[in-house]
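This report describes a two-part subject in running text, with one small table along the way. Please keep the sequence and the structure in view while reading.

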Amino acid sequence: MYDGKLIIPGLIVFVALMTFPIWKNMGNAGPVPKLEKPKGVTKCVESVQYMRTSHMKVLDDWRDQVLREGNRTPVEVEGVKYDRSLMNGCMKCHTEKKKFCDECHTYTSVKPYCWDCHYVPKETF
Amino acid sequence: MDIKRRQFLKIAGLSTIAGLGAPAAFNLLLKGESSPVSFASSGAGAEVSHDAAPTGVRLGMVVDQRVFDANQGLAQKCITACHLVHNVPNFGNPKDEIKWIFGVPYEKAFPTMSHYHRDEHLHNSRFLVFCNHCDNPPCVRACPTKATFKRKDGIVAMDYHRCIGCRFCMAACPYGMRSFNWRDPRPFIDKATYNKEFPTRMRGVVEKCNFCVERLVKGLQPACVEACGSSGAMVFGDLNDSHSEISKVLKENFTIQRKASLGTLPSVFYIV
């Protein structure tokens, strides 16, 4: 190889620079969002673990039940009734979108488009 | 055996024709008829008879034009009530306009009716038109994503999450009762009157009247019917229930439907 002594170190420097962000943040996922519970309520419609992993499934199921099957009977947990609705259900307790939605979605780099149509409580659009 | 190229090609060609043609010919001759086209997957029934199946609930509406003619301004009240409840944007521009319910002259509402020597009062009447919630809805059949569908109670509803904005339903609807969001509607909704219980739509989806499903479950009447108050200009109810108010009104009055000859079986009736 001609000019090997230039090309090979050059390549090494290039690869090192390009992968710099990866190994700089190795083993470090950034500050984990601090969870905050809504005040005055202790129980959600499902267990914490289920909601953490599958709240989007709950929302999808509710949407199909409400729109297609016409089933709008509220979900009852410990005597409290919750509408099968994002705006009129979830957001009645989890009032602040910034805290309850955005923080984790930003952290996990998820961009749901709920708020293109649904009303954001408190925040103005 | 000696076979020439010419002979080989002849045999190969004939075999191909026989191979392709035989199954088709067998199918035609053995079955005798082609299978009827099925629309079962679309959710809309394939029945095209003018008597809809009288089973279950079928929600419908009667619009009494005599009351609207006597009471100018009532129609506008209905339109405003509907558009406020459903966060319908006002673009201030007829090209982008979103309409769930609106007024049109007689010849636009009923183009298939005779207009020769028309009744005097029909010249100035403006008829309220909105989704007919057809019993045989062509929009439902056209929708490739099942974003629009017919509910068990006869309401032709929409799931805006699923709408991909292809506008096939708009082409399929013979009444032009669907509107497309060419622009983001949010900035054009009056913030002062925003209904926080009902979502808005986003750019690129089709929308239309939903017979106020979200109000019906609360035991309320549709917003336009409520706006009419006790005037009886609009009557809402179950067409299949012979004791309902709407059935009584239909029994006692001569009513017409929009483009009934198309066989879409509209659930909205007009007393002219």
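In chain B of this predicted model, strands β1(B) and β9(B) run parallel to each other and are paired over four bridges. Within this pairing, B:Met61 has B:Val268 of β9(B) as its bridge partner. Strand β1 of chain B, which covers residues 59-64, also pairs with β8(B), here in the antiparallel sense and over five bridges. Together these strands form an open sheet of three strands with mixed pairing, in the order β8-β1-β9 of chain B. Its edge strands are β8 (234-238) and β9 (268-271) of chain B, each of which pairs on one side only. From one strand to the next, the twist averages 20 degrees. Helix α9 of chain B, residues 245-252, packs on this sheet and touches β1, β8 and β9 of chain B, and the direction of the helix makes about 115 degrees with that of β8(B).

The table lists positions of β1(B) together with the residues that stand opposite them or serve as bridge partners.

| Residue in β1(B) | Partner residue | Partner strand |
|---|---|---|
| B:Gly60 | B:Gly237 | β8(B) |
| B:Met61 | B:Val268 | β9(B) |
| B:Val63 | B:Met234 | β8(B) |

Is the strand β1(B) mostly covered or mostly open? It is mostly covered, since six of the six residues of β1(B) are buried. In a regular strand, the side chains alternate between the two faces of the sheet. In β1(B), B:Leu59, B:Met61 and B:Val63 point one way, while B:Gly60, B:Val62 and B:Asp64 point the other way, and all of them are buried.

B:Met234, which stands opposite B:Val63, is also one of the residues with the most contacts inside the largest nonpolar core. That core has 61 residues, and those with the most contacts inside it include B:Cys78, B:Cys82, B:Ile101, B:Leu128, B:Phe130 and B:Cys224. When neighbours within four places in sequence are left aside, B:Cys82 is in contact with B:Trp100, B:Ile101, B:Ala223 and B:Cys224.

Turning to the other chain, chain A has five helices and two strands, and from the N terminus on its elements run α-α-α-β-β-α-α. The radius of gyration of chain A is 23 Å, whereas a compact globule of 125 residues would have one near 14 Å. Taken along the principal axes, the C-alpha atoms of chain A fill a box of roughly 80 × 30 × 30 Å. Of the 125 residues of chain A, 9% count as buried. Among the contacts in chain A between residues at least 6 apart in sequence, 51% join residues at least 24 apart.

A:Cys104 offers one local view of this chain, its place being in helix α5 of chain A, residues 97-107. Why does A:Cys104 count as partly exposed? A:Cys104 counts as partly exposed because it has 14 C-beta neighbours inside 10 Å, whereas a buried residue would need 20 or more and an exposed one would have 12 or fewer. A:Cys104 and A:Gly4 are 100 residues apart in sequence, and their C-alpha atoms are 48 Å apart in space.

Finally, the two chains touch each other, with 16 residues of chain B in contact with twelve residues of chain A. On the side of chain B that touches chain A, the residues divide into eight charged, six nonpolar and two polar.

Technical notes. Residues numbered from 1 in each chain as written. Chains lettered and ligands numbered in written order. Predicted model: local features only at pLDDT ≥ 70, side-chain atom pairs only at ≥ 80, totals over all residues. Contact = placed C-beta atoms within 7 Å. Nonpolar A, V, L, I, M, F, W, Y, C, P; charged D, E, K, R; others polar. Pairing = 2+ DSSP bridges. Axes fitted to C-alpha atoms, helices over the stretch in contact; angles between N-to-C directions. Core = buried A, V, L, I, M, F, W, Y, C linked by C-beta atoms within 7 Å. Rg over C-alpha atoms; globule rule 2.2 N^0.38 Å.
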